[in-house]
Amino acid sequence: MSNLSYINENGPWQTYLAQVERVAPYLSESLKDYIDTLKRPKRALIVDVPIIMDDGSIRHFEGYRVQHNLSRGPGKGGIRYHPDVNLDEVMALSAWMTIKTAVVNLPFGGAKGGIRVDPRSLSSRELERLTRRFTSEISHIIGPQQDIPAPDIGTNPNIMGWIMDTYSSSKGYTITGVVTGKPVHLGGSLGRIRATGRGVFVTGVDVARRIGLPIENSRVAIQGFGNVGNEAGFLFDKAGAKVVVVQDHTGTIYNSKGLDVKALQIYVAEHGGVVGFEDAEILDNEDFWQVDMDILIPAALESQITLERAKKLKAKVILEGANGPTYPEADDEFSRRGVIVVPDVICNAGGVTVSYFEWVQDMASYFWSEDEINERLDKLMIQAMNDIWQSSQENQCTLRTAAYILACDRILRARKERGIFPG
Ligand code: NAD
């Protein structure tokens, strides 16, 4: 389907393109001419990142930074450290950021980056060297007014601190606004670490209320118990739901009466994964998809919900904490069965929203309280959910298509009004 030479025919970029194709019929005639602007990244940089390992040897890693669209403002998007990172994936993730920032109406475009590396295989010093060299290699295209990275899978606030320090060193003064998700004492924002999981919970509660699904005693399944999955699980548990099954890279654990989420958080922090947690039975990974559940939260990697898995799923609501977890054919299956999917571009937008707050606070050198952050976050997320829900009712389409209608209209209008240089 793609006309780009450098993409993988079965990769997440194809999923993204299919999503854009679905929105095209709903766009106003005056914007349809501009839709191809969304079907290619504006800029894609591939860099070689050589570092000296602790044993004195030299290793080379492959890094990427893709700026998908900058029509509405500087690029915004995370940096992923994972052994499977590739250009196709980073392109798709950058495009989803374009849609996401527009859905929540943040003044940003979409970008993403990554390095093909298993960060767990490196020492802390090696990780620091890798991060600093990568920052230096991409430093000519990032900046507080150009493109602002943030954490994603395999990266964390410490790594963001190294990026900020390396970039600042090259300019000769401290530039906190070049990256978000930093430690709080380095210009980070209160509430950032928990923001994505919180957004998943807030959008989940909103949609459950609309379809009359009580949260109390609802059965929740979570794939991925990292930053996003564990906070969302914690908040659902606190609201009276039962987290019955959790899967991560170590395996799948299940308790029909509900897992003790707080204890599981402590266990995972100590042991690095869910397997081995007491008071739970171990399931085969594939059985995760057929557990009796009301709410499913995919919060691990993209391309997880295939048509085959979608057919087995009993969930009434799917909250996409992860980016791009659902294949378009699975989306169609859910739509046929009336399963509500809260799409990634709104469901996990809590992180980028508080990243925006962090950037604003860095620019103003004036910092807000956690209560202020959470209040503003909830307000923006609920406003966006209202707009999406209303559009889905008016257009008789899924929440995903409704979110894309809203976002593509904003992006393409900006593109059109800016004009095509040189005219
Ligand atoms: P993380 O690294 O903190 O956690 C990832 C989790 O996924 C871990 O529990 C890991 O064990 C699990 N996992 C990895 N491979 C798996 C596999 N094959 N099967 C099952 N589980 C597996 O990452 P995170 O920050 O929580 O991000 C999770 C997802 O949410 C990603 O898709 C990311 O792009 C998306 N996201 C994150 C943020 C954020 O602010 N962190 C914001 C928006 C979207």
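These are my notebook entries on a predicted model, starting with the ligand and then moving through some strands, helices and single residues.

**Entry: the ligand**

I began with the residues around the ligand. The shell has 22 of them, and the nearest are Asp152, Thr196, His249, Ala300 and Asn323. I then sorted the shell by residue type and got seven nonpolar, 11 polar and four charged. Which elements supply at least two shell residues each? I noted α6 (192–211), α7 (227–238) and β7 (242–248).

Next I looked up polar atoms close to the ligand's oxygens. His249 has a polar side-chain atom 2.6 Å from an oxygen atom of the ligand. Gly226 comes in through its backbone, with a polar atom 3.2 Å from a ligand oxygen. Gly321 also uses a polar backbone atom, at 3.3 Å from an oxygen of the ligand. How much of the ligand does the protein cover? On its own the ligand has 830 Å² of accessible area, and the protein covers 82% of that.

**Entry: β7, β8 and β9**

I stayed with β7, since this strand had already turned up in the ligand shell. A hairpin with two residues in the link takes β7 into β8. The two strands are antiparallel and share four bridges. One facing pair I wrote down is Val245 with Tyr254 of β8.

Then I checked the other partner of β8. Strand β9 (residues 281–283) runs antiparallel to β8, with three bridges between them. Here Thr252 sits opposite Leu283 of β9.

Are the faces of β8 covered or open? Both are covered: Gly251 and Ile253 are buried on one side, and Thr252 and Tyr254 are buried on the other.

**Entry: Ile253**

I picked one residue of β8 (residues 251–254) to follow up, namely Ile253. Its relative accessibility is 1%, so I list Ile253 as buried. What does Ile253 touch beyond its neighbours within four places in sequence? The contacts include Val244, Val245 and Val246, and also Leu259, Leu264, Val274, Val275, Phe277, Ala280 and Glu281. I also looked up a C-alpha distance: Ile253 and Leu283 are 30 residues apart along the chain, with 5.9 Å between their C-alpha atoms.

**Entry: the β1–β2 hairpin**

I went back towards the start of the chain. Strand β1 (residues 43–52) pairs with strand β2 (residues 58–69), antiparallel, over 10 bridges. Val49 has Phe61 of β2 as its bridge partner. Five residues lie between the two strands of this hairpin, and within the hairpin Gly56 has a positive phi near 95 degrees.

**Entry: Arg43**

Arg43 belongs to strand β1. Is Arg43 buried or partly exposed? I found a relative accessible area of 37%, so Arg43 goes down as partly exposed. The side chain of Arg43 has a polar contact of 2.7 Å with the side chain of Gln67. With neighbours up to four places away left aside, Arg43 is in contact with Arg65, Val66, Gln67, Leu70 and Ile141. I checked one pair far apart in sequence as well: Arg43 and Arg410 are separated by 367 residues, and their C-alpha atoms are 20 Å apart.

**Entry: Thr101**

I turned to helix α3 (residues 87–103), where Thr101 is found. The relative accessible area of Thr101 is 0%, which means this residue counts as buried. Where does the polar side chain of Thr101 go? One of its polar atoms is 3.2 Å from the backbone oxygen of Thr98. Not counting residues up to four places away, Thr101 touches Arg72, Lys76, Leu106, Phe108, Gly109 and Val352.

**Entry: helix α10**

My last stop was α10 (residues 328–337). I noted Pro328, Ala330, Asp331, Glu333 and Phe334 as buried there. What covers these buried residues? The cover includes the helices α1 (12–23), α9 (307–312) and α14 (399–418), along with the strands β11 (317–319) and β12 (340–342). After α10 comes Gly338, with a positive phi near 75 degrees.

Conventions: Residues numbered from 1 in each chain as written. Predicted model: local features only at pLDDT ≥ 70, side-chain atom pairs only at ≥ 80, totals over all residues. Heavy atoms only, no water. Near = heavy atom within 4 Å. Polar contact = N/O pair within 3.5 Å; in protein donor to acceptor, adjacent residues only side chain to side chain. Areas by Shrake-Rupley, 256 points an atom, 1.4 Å probe, with all protein chains shown as cover. Nonpolar A, V, L, I, M, F, W, Y, C, P; charged D, E, K, R; others polar. Pairing = 2+ DSSP bridges. Buried < 20%, exposed > 50% of the residue type's maximum accessible area, 1.4 Å probe, protein only. Contact = heavy atoms within 4.5 Å.
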